[in-house]
Amino acid sequence: MTSPEHFIPGKDASLEQSIATLRGKLSALGFHLEERSWLNPVEGVWSVHVRDHDCALLFSNGKGASELAARASALGEFVERLSTHYFWTHFYLGEAIAHRAHVHAPGERWFPLNGDAWPEGLLNPELRAFYNPHEAVPAAQLVDLNSGNEARGICALPYQRLSDGATAYFPVNLIGNLYVSNGMSAGNTLMEARTQALSEIFERHVKFRIIREALCLPDVPEDVIARYPHIAAGIRGLREAGFGIVVKDASLGGRYPVMNVTLLHPGDQGCFASFGAHPRFEIALERALTELLQGRALDALAGFPAAGFDRDEIADPQNLEIHFVDSSGVLSWEFLRSTPDFAFADWNFGASTEQDYHWSVAALHAEGHQIFVADFTQLGVYACRILVPGVSEIYTVDELEYENNSVGIALRADIARLPELSGDECVALYDQIVELELAD
């Protein structure tokens, strides 16, 4: 007798089928995945770390309301990062790959360098004005870190604009510097994966705004939480463990599909705000809770900073970046005040994958934003990466000029032969590092 399959909201296949498909594709490619650090700190919250046995640098993390959901989540993230080549975004790929037919994706296009002006055909006029408003970023700074192939020029990938199907070529360098992993997803179907990618974009955009503007969110009534017994059980477990837990509606008055769960540590007064997003209220709330505990046992919830009063420090891009990396940035005391800036909205924007996706696209278009999508299907699983200029950047646009990772290309030749450098060459390299004002 076969055991029943498990389906969860927002997914177009059972967890068992998703896991079997993803495992099968990865195994056929030669990956030997191992699961480590299983955690189930409270009822209804699971997380796992998955890595390749032969290369532990290839890893992903999964979370969910069950063991199966967390496993499917981790495998999905592994495939997403493999499909989009995000696994290698911080690495030099070597001479052989830098000169092969394609470096990043079969549809890539190379734009030769000819002076400081950005080559014609790169992006489009509106996007060039957005990313380089003062024309202060020379074209050479858009050479991708991974190939460093300045002789070949700027490598750019085709993204389709959803509003009209037009194609824009985005430099790999620009994507890596500004968007890092935001807006990437893999899924059972196109709409499922794209909804997840757009939900991630909503989550981080709204989270940054709430932190930057020191907004205070309304509490979710206990009777609303009680509608979802598995979520209520996890929240109850954290409270019984002694933590202060507040559950807040982060939709900013019913506009965005975002929820928040904030933990207050009784020992060190640390404050940790976790966000989750999806067009369905229940899924967004569950994600906020599981994100709070992803990779964290109950005894690992200390050490977050207490809420602060310095609005400038809290709104600083560096603090927001820390919130993106591991949520350990500072929150404002304003976030915790008793009078919220918005009324609680008992929202729900979707009831099927198709509704979820179309609502997400329409909501961004209604605010005047353009959505650009690249599909990655070479592994036999649908994956995508979505960029929403002006919304989904993790780092500010001026980082293309002042913090561009292409600076590493200038140092690469010397660093690759560091043990063989003469004294004079070492001094010259040191002077170059100082001149570039690189962080330690």
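**Cavity, pocket and local backbone features**

Helix H6 gives the largest share of the lining of the largest cavity, three residues. The model analysed here is predicted. One cavity of 30 Å³ or more is present in the structure. The volume of the largest cavity is about 50 Å³. Two elements each contribute two or more residues to the lining of this cavity: helix H6 (190-212) and helix H12 (353-366). The lining consists of Gly10, Lys11, Glu192, Thr195, Gln196, His278, Arg287, Thr353 and Asp356. By class, five of the lining residues are polar, four are charged and none is nonpolar.

The second largest pocket was examined next. Its volume is about 960 Å³. A total of 29 residues line the second largest pocket. Glu403, Asn404, Asn405, Ser406 and Val407 lie nearest its centre. Three helices each supply at least two residues of the lining of this pocket: H5 (172-178), H13 (399-402) and H14 (407-416). The lining of the second largest pocket comprises 12 nonpolar, 11 polar and six charged residues.

Two helices were compared with their expected lengths. Helix H1 covers residues 15-28, 14 residues in total. At 1.5 Å a residue, H1 should span 20 Å. The C-alpha atoms at the ends of H1 are 20 Å apart, so the span agrees with the expected value. Within H1, the buried residues are Leu15, Ser18, Ile19, Leu22 and Leu26. Seen down the helix axis, the buried residues of H1 fall within an arc of 95°, and therefore line one face of the helix. An α-helix has 3.6 residues a turn, so residues three or four places apart point the same way. On the other side of H1, Ala20 and Ala28 are exposed. The cover over the buried residues of H1 includes strand S1 (33-42) and helix H2 (67-83). Gly30 follows H1 and has a positive phi, near 95°.

Helix H15 covers residues 423-435, 13 residues in total. At 1.5 Å a residue, the expected span of H15 is 18 Å. The end C-alpha atoms of H15 are 18 Å apart, which agrees. Glu437 follows H15, and the phi of Glu437 is positive, near 55°.

Two leucines in loops also have positive phi. Leu123 is not a glycine, yet its phi is positive, about 55°. Leu123 lies in the loop between strand S4 (109-111) and helix H4 (125-131). With a relative accessible area of 6%, Leu123 falls under the 20% cut-off and is therefore buried. Leu252 likewise is not a glycine and has a positive phi of about 55°. The loop between strand S8 (244-249) and strand S9 (258-264) holds Leu252. The relative accessibility of Leu252 is 4%, so Leu252 counts as buried.

Two further buried positions were examined, one in a strand and one in a loop. Leu157 is part of strand S5 (residues 154-161). The relative accessible area of Leu157 is 11%, so this residue is buried. Leaving aside neighbours within four places in sequence, Leu157 is in contact with His104, Ala105 and Glu108, and also with Ala168, Tyr169, Phe170 and Val172. Leu157 and Trp110 are 47 residues apart along the chain, and their C-alpha atoms are separated by 8.9 Å.

Gly270 lies in the loop between S9 and strand S10 (271-277). Its relative accessibility is 3%, and Gly270 therefore counts as buried. With neighbours within four places in sequence left aside, the contacts of Gly270 are Leu263, Leu264, His265, Phe304, Pro305 and Ala306. Gly270 and Val427 are 157 residues apart in sequence. Their C-alpha atoms are 45 Å apart in space.

Note on methods. Residues numbered from 1 in each chain as written. Predicted model: local features only at pLDDT ≥ 70, side-chain atom pairs only at ≥ 80, totals over all residues. Heavy atoms only, no water. 1 Å grid on protein atoms, 1.4 Å probe; cavity = no way out; pocket = protein on both sides within 12 Å on 5 of 7 lines; lining within 4 Å. Points joined across faces, edges and corners; volume = space filled by probe spheres on them. Helix = DSSP H or I, 4+ residues; strand = E, 2+ residues; numbered from the N terminus. Nonpolar A, V, L, I, M, F, W, Y, C, P; charged D, E, K, R; others polar. Expected span 1.5 Å × (residues − 1). Buried < 20%, exposed > 50% of the residue type's maximum accessible area, 1.4 Å probe, protein only. Arc of directions from axis to C-beta. Contact = heavy atoms within 4.5 Å.
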